[in-house]
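Welcome, and thanks for taking a look. Here is a short tour of rings, charges and cavities.

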Amino acid sequence: MAAAAAFPPGSFTAASVEQKLMELWQTADESVRKAANTYLMSFQDHPDAWLVAQQLAISHSVEVQYIGLQTLYWKIRRHWSQAGDKQADLSRFLLQFLEQPSRMPQNKSRIRVAHALSAIVVRTVTSQWPTCIQQLLQIGSRDAVLRLQVMRVFASLPEELDASLHTHVADSAAAQALKAHLRSIVDFVASSLEMALQPSLHPSAFTPDMTDEQRTQVVSGLKDAAFVFCSEWAKTLSVPLLEHAALSRQLVRALEVDQGDEGLTDAVRMLLTKAHSYSCMWAGGPTITCPQLLEKPGEGPILRCLLTQLQGLVPRLQQLCGGGGGGGDGGGGGGYRVPNVSEMDGKTERVLCAWARVLAMLCEGYTQLVMDGAHEYLMEALRCFYHIHPRVAENFGEIWSQMKEMSRGNVLSKEELMRFLTQVGVPAVQALIRHCRRDNPMWDGAHEDHILYIEAAQDCIGDIYLMFDSVEQSQGLSFLESVTQEFVRTIQAKDVHGMEVLIYVQDVLIESNPVLSNPTAEFFRALAQVPPSRDCAAAASNLLQKHGHLLSKHGDIVRGCMAYLMQNLPVRPEWVAQTMCDMCMACGHHLLPSLGEFLAVVERTATQYSVKADTLLLAAVVHVVKALPAGEVPQSFARCLQTTTTAFKSLDTPPLSTLGDDAKPIAFRHFHRTWRAVKALAARDNDDSPQNPGSAKAAAGAAHARQTAAAVRGFVQPVWPHFARVCRAVLVLPVHHTHTATVSKAGRKHGKAAQNMLNYELTDGSLMDIALLAAGAVLDALGEQGADMWKDVIDLSVSVISHHPSPPPQPPHPSQQHHTSHQMPNFNALKLITSLVKHSGASRDACMALLSPRLSEIFAIVIRSAQQQGSLTSHSHPALLAAYTPVFELLVVVVTHVAYDSQYSLYASPYFPMLLQLATQALSGSDIELLSWAMQFIVKCASTQQQQNAQQHFAAHFGELVRGIVTNFHNWSRPLSPIYSKLFSVMLEKYNEPFVQGCTQYWQSERARGVTGPHTHPLPTASSRDSRSGGDPLHRRLSDAQLELVVRCMRHLRGPKLKLLLQDLHGIANGSQTADALVNYEAELAAHRPS
């Protein structure tokens, strides 16, 4: 709409639009075509389009005509209310076009007219045009061609209703108005279908100039439109059309004439799902027997016809899949074959899928027919459908969950359920296993489809197993035994593809019933015999990652599985290493006797693999070490990292000042090893059992923390000077400032482990990230026991930001070159100080005693850098501001965790006003983490009651802060909603009047300046963590009256109501909501008005 608004009324004519269409269709110049497309997009949004599109619709060019009709259809659907007094003229225009199909040579134009008229009907049937249905029926009764046009209108009415309302379609006023004419409409549809089913129509039904081919197309179109009508009215409007005997009779005739019409079978299937007897077994009333069901008016004849057709189809199905006579214990799939290509062309597959959907519907809603012995052929059809083709089989995906619920609700007897499982369930499992094989030609070049099919097959097999188990536990065990026996058979046959599928099957069986039964244990024992295979290794790794914890009491199985994984390590290094790590975390105590051998193998082979695989293998060994007696853990942990200790010492000999390119891969690998090993040592098994109360868990946690700190200290103390110097050499590398996912707050918020988001590709930036993570992990684990290293860490961090700045994050924009001539410090080093403060525990005062004298130095560096980069001005670039994220994190942690004493007070610091100013400028940033920490810092400053000095500085800076908030609010993304809601709450609760006045003055001044168009920054960033929503400030979205309403709301609403208001305002600003959302707040404000 914004682009269309740039064109005044009268800007578009039929000639100009047609010219642009020719340029779009016929010009090779991409710039010309792009300009033409932009022009046409503006045209369809413009008010001129209502008249111009009608002029295009009468063009002699069939393509231009179609564009005109398409534009009218588009505008009716989206901008009907804007047509105003043109609505009646437009209705008459389209109705005349409908009555004159000869004016539309192309069938697609006729269809588009019918759809456009249908869109008008649903919008006017209750108001301007209540007689529309009667008029259409009169038009359709003239000849077959007009009948087809009217049928198209009726068939598309439900879709147009759904598009205009989206919810509660069937109960809407328009739907009720249409249903008032239902009898007349259905009679018209039934007579149309009857006409189409006649062997030949009288020539008077057509216009004299029509050819035989055109007449055939009209007859075919009548049938298709009738079938679409049945499907859409049943699906969208929930109309029980089978109550109309005439329509039911014609549908039976159609089924008898053409069993291969997919539209017909789908229509009948949808109609039956809306019939009164559908799912009657769930109703709880009197049971309807099969004979009674088949005699029901309307649906009975349809069901009888479907059963006859399915019975006649079975021999053909048996011929295709080579089955036949299956049942009882002999219902297996061993006698079935895969049809060849000539037997299963595309049309045959589509027809079979359509009938498979019909049979699935009978299983779900008319289950008594399937269970009745008189219709045994239905189970044979099910078996054949399952074996014929993967695409045919997938139509039965829902019947097993339905059967499972019926068995739980005692709707089916155990005898009925067991019979169905034996005759259909077992063959279905066999067929699905065969369909899922990787060597099935179906999956050539279709990897994603193959994975999705396996997941769907797993769901079916899991439901079948649970039903066997619900009939009798011994039946469930027999099912598990059959899977294990088949797995052993495939191993003996060296059938790798069969092994892979059965591993996936075992996965869902354990998910369905997460216990380690004897058959399942035997399956895991057999797993050790599977030969190395990339695909089997992936499936087995997935199985053991998810369910390996069940083996915690079976040492022999654990050792066998670990031997299998070690054997497959070369084919899937990272995947298998992750599984070994998880297995050792859950069951590592079984590997204690072979710990030395395990460590030796890892030390010998791990470095052959990627850094990720190497560190995961090391973590696996550490998890085993944790199972040792507490006194033995420190020495063994140090032994695990002996290679890493040696590497850091070697890198620091002689004492290191700069890191060469040849040393970077070594440092990269061993920082990763350090981080992963320390995190593995610190990790605790979850124990939420009732036998372990909160106090016991807390005591166990404290003991574990002490043990971890002792072990980490044993490793780090001898290597600390070398480790620290290598870390410093990394942090002073001249790299572009980056924020990687390794330290993403958003990632932590969503519960993702940091190791899953690490960048394992060696760059200077990723090397810096892992060095910080490794040092942070060490400090976190040491806690108070690392107090003797705190001064070194503080000195290291200050040294990095003082003397070794890095270049600006990206080439400066020409308008900013005067701000970016200076290099920026690497403030990431401050993360180490932040970690110290967070984890100093009871010794926090001692930690602050070391830090306080250095804070002034740190803040001086921050402010000097901000002044040099221009970050204290409104011209600061978002990418430059993002570099200050660690600064604000440190500030928040300091003011949150530390009680200030006479040694140091942030609020009394001469740098406090400029830090507050920097935080205000950070509100224009585009980095979520930066915005989050900056807002938290502002909230802390606004809330403090400790320092009068802070309140004075805050008051002096308040106007600039308000402008920063209202100027940038529309750009903040939804993940920031909790923190910016808190920011607004603090401002409105503690500074209500000045804050509201500041907002009002800003909006008024901007309106007075006549600022229009969305604000854009000269250098927008493309980061995935960009917070900008691309909206407009509120004063560009709201009227004066609406802004006044917002001001009143801000004065009175608090708590959840204020939070909801902010969410609505944010939606209005970014365009996802309209200003109509504010109407609801008038009622809220009424409660605040004095009586």
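Buried means under 20% relative accessible area, exposed over 50%, and partly exposed in between (1.4 Å probe, protein chains only). On that scale, 55% of the 1091 residues of the protein count as buried. This is a predicted model, in which local features need pLDDT of at least 70 and side-chain atom pairs count only at pLDDT 80 or more, while totals for chains, interfaces and linings use all residues. Residues are numbered from 1 along each chain as its sequence is written, and side-chain values use heavy atoms, with hydrogens and water left out.

The protein has 50 helices and zero strands; these are DSSP runs numbered from the N terminus (helices: H or I, at least four residues; strands: E, at least two). With a contact taken as heavy atoms within 4.5 Å, residues 24 or more positions apart account for 76% of the contacts with a separation of 6 or more.

Now to the aromatic rings. Rings of Phe, Tyr and Trp (its six-membered ring) pair if their centres lie within 6.5 Å; planes under 30 degrees apart count as stacked, over 60 as edge-to-face and the rest as tilted. The count comes to 28 aromatic pairs, including these two:

| Pair | Centre distance | Plane angle | Class |
|---|---|---|---|
| Phe-12 and Phe-43 | 5.6 Å | 55° | tilted |
| Phe-154 and Phe-188 | 5.8 Å | 85° | edge-to-face |

The tilted pair joins Phe-12, in the segment before α1 (14-26), to Phe-43 in helix α2 (residues 30-45), 31 residues apart. Phe-12 is buried at 4% relative accessibility, and Phe-43 is buried at 2%. In the edge-to-face pair, Phe-154 belongs to helix α8 (residues 144-165) and Phe-188 to helix α10 (residues 182-197), 34 residues apart. Both Phe-154 and Phe-188 are buried.

Charges meet rings too: a charge sits over a ring if NZ of Lys or CZ of Arg is within 6 Å of the ring centre and within 35 degrees of the ring normal. Lys-20 lies over the face of Tyr-39, 5.4 Å from the ring centre, and the charged end of Lys-108 sits over the ring of Tyr-66, 4.6 Å from its centre.

Further along, ring pairs link Phe-969, Trp-972, Tyr-980, Phe-984 and Phe-995 into a cluster. Residues lining the largest cavity include Phe-969, Phe-984, His-970 and Trp-1003. Here a cavity is a set of points, on a 1 Å grid over the protein atoms alone, where a 1.4 Å probe fits but cannot get out, and lining residues have an atom within 4 Å of a point.

Conventions. On a 1 Å grid over the protein atoms alone, a cavity is a set of points where a 1.4 Å probe fits but cannot get out, and a pocket is an open set with protein on both sides within 12 Å along at least five of seven lines; lining residues have an atom within 4 Å of a point.
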